[in-house]
Amino acid sequence: MRPFDYVEPETLDEALEILAGDPDDTLVMAGGTSLVILMKQDLVRPERVLGLRRIAELREIRTTDAGLSLGALATHGALARSQAVRDHAAALAATFAAVATVRIREQATLGGNLAHADPAQDPPVTLLALDGVVIARSRFGERRIPLDALFVDLFETSLEPGEILLRVELAPLPAGARATYKKFLPATLDDYATVSVAAVIATDASGVCTHARIALGGAATVPLRAREAERSLAGRRLDDAAIREAAALAAAATDPIDDLRGSADYKRAMAGVWTERALREVA
Amino acid sequence: MSEHRIRFTLNGAAVDATVPAERLLVDVLRYDLGATGTKDGCSVGVCGLCTVQVDGAPMSACLLLATQVDGTQIRTVEGLATPLQEAFIDEGGFQCGICTPGQLVAADALLRAKPRATDAEIADWQMGNLCRCTGYYGIARAIAKVRDAR
């Protein structure tokens with residue numbers, strides 16, 4: 001690994017000050033699982049690494065009047081075990097529990113995961129379907145970024161130089177909403193998904209869909225909301241025809257890349273299959 | 001470029017060291033402290049050879065900057081004195097042995113966190129510790145045996 005300077009401030013204000021001093025040559029580190037590999041492989045060459053681990057307030061997972069607040073330094077393991085997370089949506093806890101292996105889950109954090117913007121990751125998909133909003137702060141103030149505006153391109157986010165991702169907020173779901181996360185793993189259980197799908201559905205007393213969110217992972221250069229598929233379900237009964245139509249629209253919304261986990265055509269087809277399975281589970 | 005004074009405990013003994021920012025925990029353990037039970041395998045956090053416990057939680061020492069464990073308690077295979085080692089011998093929980101330290105450290109973390117772990121939980125937890133001799137059945141039997149004896 002190339003040498004770099006490491007700073008580990010005790011407070012958020014201090015961290016923002018350091019970052020503002022040299023935003024182009026400073027990389028922010030949370031758990032470090034991705035950044036350390038990128039540095040080892042010489043894919044990133046920061047002058048300075050800003051470690052957040054001492055800023056305890058960023059670790060908090062708590063229920064607020066506005067819903068659920070998940071701190072950027074909360075680990076995948078802590079989020080998977082959290083009763084507050086399970087109470088909000090069991091599928092979200094299950095999503096964190098489905099990431100890689102126990103070692104990664106104990107070290108890797110929510111904020112690091114989102115800022116890394118790897119489109120094959122699990123948490124962004126379910127958080128998109130739950131209408132997650134990221135709170136980021138720079139020395140000049142705070143900004144709320146809806147999750148689907150955070151992901152710009154492969155490993156690229158809309159965070160501005162000098163901003164640190166503080167937390168994700170989730171508003172309460174509509175009454176009776178059901179959520180699921182499906183991860184297609186044709187090779188090994190600790191792999192990245194070939195494609196993954198999160199679906200959140202609510203229906204009224206007569207079975208008509210009043211709320212639909214469908215999000216896909218591994219299906220493009222960014223985690224994706226399948227908005228047309230969502231719109232196709234609104235106001236309809238979730239019968240076989242509606243589910244098949246939504247699954248086809250979700251597949252059509254994908255723009256996958258060919259890689260070792262499948263060809264683009266295969267991933268597109270699988271996005272349809274797994275969307276259909278997800279919708280059947282929550283319909 | 002920057003150097004950092006770090007203090008942690010290794011298997012209960014105090015460590016006070018000065019390391020460059022880019023120094024990895026696995027290298028501090030192996031080269032600075034001579035604790036070579038922790039192996040460096042894939043170097044990207046996949047194989048599990050470098051599994052250590054950081055405040056009880058299993059992590060990959062190849063993915064941790066040494067600065068990240070300042071103030072923590074580290075446990076490695078050298079610090080294990082549990083029935084797990086005997087059970088691995090009795091049940092043939094290894095062949096070549098390269099994965100064994102990581103398997104043991106991971107299994108010890110599991111039984112501390114979940115003393116009544118089910119067989120499925122054992123399989124899920126140990127999933128990230130690869131054994132290329134495919135001794136998985138023996139490993140799973142050994143862990144279950146220790147669980148059942150408690």
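In this predicted model, 24 residues of chain A are in contact with 22 residues of chain B. Start there, on the chain A side. Four elements of chain A each give two or more residues to the side that touches chain B: S1, H2, S3 and helix H6 (102-107). Which of them gives the most? H6(A) does, with 5 residues. What kinds of residue make up this side of chain A? They divide into 10 nonpolar, 8 charged and 6 polar.

How confident is the predictor about the complex? The ipTM is 0.96. The pTM is 0.97. For chain B, the average pLDDT is 96, and 100% of the residues score at least 70. A general caution goes with such scores: where pLDDT is low, predicted coordinates should not be read in detail.

Now look inside chain A, at its strands. Find S3(A), at residues 48-51. Strand S1 of chain A, residues 5-7, runs parallel to S3(A), and 3 bridges join the two. Pick out Val7(A): its bridge partner in S3(A) is Leu50(A). Strand S2 of chain A, residues 26-29, also pairs with S3(A). This pairing is parallel and spans 4 bridges. Here Thr26(A) stands opposite Arg48(A) of S3(A). How does the chain get from S2(A) to S3(A)? The path goes through helix H2 of chain A, residues 33-40. This β-α-β crossover is right-handed. You have met some of these elements already: S1, H2 and S3 of chain A are among those that supply the side touching chain B.

Turn next to chain B. This chain is divided into two parts, domain 1 (3-77) and domain 2 (80-149). Taken over C-alpha atoms, the centres of the two domains of chain B are 21 Å apart. The domains also touch. How many residues does each bring to the contact? Domain 1 of chain B brings 16 residues, and domain 2 of chain B brings 13.

Stay with domain 1 of chain B, on the side that touches domain 2. Strand S3 (51-54) and strand S4 (57-60) of chain B each supply at least two residues of this side. S3(B) gives the most, with 3 residues. By type, the residues on this side of domain 1 of chain B divide into 7 nonpolar, 7 polar and 2 charged.

Notes
Residues are numbered from 1 along each chain as its sequence is written. Chains are lettered from A and ligands numbered from 1 in the order in which they are written. This is a predicted model: local features need pLDDT of at least 70, side-chain atom pairs count only at pLDDT 80 or more; totals for chains, interfaces and linings use all residues. Domain bounds come from an automatic or database domain assignment. Two residues are in contact if their C-beta atoms, placed from the backbone, lie within 7 Å. Ala, Val, Leu, Ile, Met, Phe, Trp, Tyr, Cys and Pro count as nonpolar, Asp, Glu, Lys and Arg as charged, and the others, Gly among them, as polar. Two strands pair if DSSP finds at least two bridges between them. A crossover is right-handed if, with the strands pointing away from the viewer, the path from the first strand over the helix to the second runs clockwise. pLDDT is the predictor's confidence in each residue, from 0 to 100.
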